[in-house]
Amino acid sequence: MPSKETVRRQRALGGAVGVVVLGMALVYHFFPRVFHVDPAQVAPRRSMNMGPMAASSPGGARSTQAMAEASEVDAGPPLTLAPTEVIAARMAARNTQLPQQMSADTPQVQALLTDAGKALRAGQLVGDKTSAAALYQEALKIKPDSRRAAQGLFEVKARLIAAIGQDITMGDADSASDLLASLKTLPNADDDVASLGEQIKTMNEVRPLLAKAAGLLQDGKADQPAGDNALEVYRQVLQLDNGNAVAQQGLLQVQRVVLDRALAAVAQNDFKGADQALAEASSVQSSSPQLRDVQGRVDGMRKQRASSLLIQARSALDSGNTTLAQQLAEQAQTTGADPQALQEFNERMTNARLYASYKPGQSFTDRFVDLPGQAPSMVVIPTGSVAMGAPDNEDGRNDNETPQHDVTLAKGFAMARTDITVGQFREFVKASGYVPDSQKLGGASVYDEGSGAMRDDSSASWQSDYAGRNADDRLPVVNVSWNDAKAYADWLSERTGKKYRLPSESEFEYALRGGTTTKYWWGDGTPKSKVENLTGAGDRSANGRRWSNAFSGYRDGFWGPAPVMSFAANPFGLFDINGNVSEWVQDCWHDNYIRAPRDGSAWINPGCGTRVIRGGSWGSSPDQVRSAYRQGAGASVRSGRVGFRVVREL
């Protein structure tokens, strides 16, 4: 076993030798002439002897000059070419012109074939008498029907043709010309020589163009400016040589530059510029993998950007900045947002503008901001238009319902789903200390069962029902004046921080009709189901009274108001809108609709004392329940047939 000292010396010696070898290798690599080596001879030109070159690289090595020229014209990724042997083998396999051999090869011919095979494998195709071509031809002189000799000579020819083709592809005119000269010495090669000669001639024409294109590409002139760019030169080359591989690679390199511009534009969120660049890239090569790849990346980034813009737009909308939200949504649309997502946002945007982000038909309740409690349940009324008033041919129409005119409500609003109840009004009086007119002025007009008519009762108040008895909290409040109704709406505004008020007359008729144009919101005659608390021919009072003017065949089971929401809602989701109790609205009374507002606003004259009452009640005749019916009363009037509901602005 060696001692430690011996091991140490061996390691030191080995390290020193390694350093020396590495140093010599580096010197040889960078300064070959130190070892008397001419770099030009390291890679001799491939000509007649192709063996060593075939073993080192596909198609053989080329001269230093040819390699330098190729570097000038190689404008794209390296070309991948099949080895010469592979191409030649494919050509040889298709050779069907072999002679019919009548007898076996003689020993002399076999010896020649053996030597020819060795020369072929060594790459010594043509040249002196020891070349494969010379030996195969000698064998054929001795025995013209030798299939091996004919096949071998064809393979020599095939290898030369393949090598020339590769040199043409790579742009090595010198090597291709040398090999073409060798091909001329072979029999039956005239057609191939002519074809390849034309290709070499074309190559010589396009070489300076390829060099020019490569220079332009290197100078950053891939496709611009017009008249002086690589793209135009490469296309010129392809007009001369349609299958020129270097030009094809150059086009891909030009396209890569254009695609990089597309990606740069996307990085700046300039999708219009990216689309323009993609269109330009498609005009270069319409079906290249790199084009499909970048298109996919741009589409992915486009979707991501559009989605991000919509998220920002929703955030702006939620914060109440509709202007910014609209701008972001337009950018998202331009970018290419998902149509369904964009449609959903536009619906939210419309709702925000018209309905304060609520949806038509949506119910909501505002809570009080300064004390426990909440406002009545509201329903969002959609925007739209209504033919307000009675048409000329409607039975029972009155002159004060004319002329019928179109009113457009461009801004959404919310209306209480039901009449204000006794319980809700009680909460208002208790919290505010307000004294209603029934107490301040004394009494109200209530129903008298004995006479079947309304009578004044000085003891009746908002806490009384239609007949002057104590009212249940679920009943609609009656015996309240227009002044009382307005005071309640103002109080709701203070408690919630939202704008509550009485509806305008046009808002009320629009909401009552619920999109219908018939005499009543349920149709033109007697309801077929219990839709409202009306005067039905089948209804009876506690003493057996019946209505003298009622809906034939109708019975709702109530004489006097019913608890709210006891019947069906109209198409806009409003209960008791044309039955149960009539209702105060904002407007001052006018004898007709001449000069009436057409935008849904209330028609108010300063200091007016008579206000409008709309909607039918539990005691209204069929003509008084028509959707167009209207009546006026003093603002301080209290009746057991009149209540109210409120509107909330959005």
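Q: How many helices and strands are there in the protein chain?
A: This is a predicted model, in which local features need pLDDT of at least 70 and side-chain atom pairs count only at pLDDT 80 or more, while totals for chains, interfaces and linings use all residues. Residues are numbered from 1 along each chain as its sequence is written, and side-chain values use heavy atoms, with hydrogens and water left out. Helices (H or I, at least four residues) and strands (E, at least two) are DSSP runs, numbered from the N terminus. On that basis the protein chain has 20 helices and 13 strands.

Q: What is the mean pLDDT of the protein chain?
A: pLDDT is the predictor's confidence in each residue, from 0 to 100. In the protein chain, 85% of the residues reach 70 or more, and the mean is 87.

Q: Over which residues is the pLDDT below 50, in a stretch with 38 contacts beyond near neighbours in sequence?
A: A contact means heavy atoms within 4.5 Å. Residues 51-80 also stay under 50, and the model gives them 55 contacts beyond four places in sequence. Where pLDDT is low, the predicted coordinates should not be read in detail. The stretch with 38 contacts is residues 25-48.

Q: What percentage of the 650 residues in the protein chain is buried?
A: Buried means under 20% relative accessible area, exposed over 50%, and partly exposed in between (1.4 Å probe, protein chains only). By that cut-off, the buried share of the 650 residues is 47%.

Q: Among contacts between residues at least 6 apart in sequence, what percentage joins residues at least 24 apart?
A: Here the set is restricted to contacts in the protein chain whose residues are at least 6 apart in sequence. Of these, the share joining residues at least 24 apart is 67%.

Q: How many salt bridges are there?
A: Side chains of opposite charge can pair when their charged atoms come close. The rule for a salt bridge is a side-chain nitrogen of Lys or Arg within 4 Å of a carboxyl oxygen of Asp or Glu. By this rule the count is 32.

Q: How many residues apart in sequence are the parts that aspartate 223 and arginine 261 tie together?
A: Their side chains meet in a salt bridge, at 2.9 Å from N to O. Aspartate 223 is buried at 16% relative accessible area, whereas arginine 261 is partly exposed at 29%. Aspartate 223 sits in the loop between α10 (190-218) and α11 (230-240) and arginine 261 in helix α12 (residues 245-267), so the separation in sequence is 38 residues.

Q: Which helix holds both aspartate 293 and arginine 297?
A: The two form a salt bridge, with their closest N and O atoms 3.6 Å apart. Aspartate 293 is partly exposed at 41% relative accessible area, and arginine 297 is partly exposed at 41%. They are 4 residues apart, about one helical turn, in helix α14 (residues 289-318).

Q: Is arginine 302 buried or exposed?
A: Arginine 302 meets aspartate 299 in a salt bridge at 3.8 Å, N to O. The pair is 3 residues apart in helix α14, about one helical turn. Aspartate 299 is partly exposed at 38%, whereas arginine 302, at 13% relative accessibility, is buried.

Q: Which residues does threonine 418 touch, not counting those up to four places away in sequence?
A: Threonine 418 lies in the loop between β5 (413-416) and α17 (422-432). At 12% relative accessibility, threonine 418 counts as buried. The residues it touches are Val564, Met565, Phe575 and Arg645.
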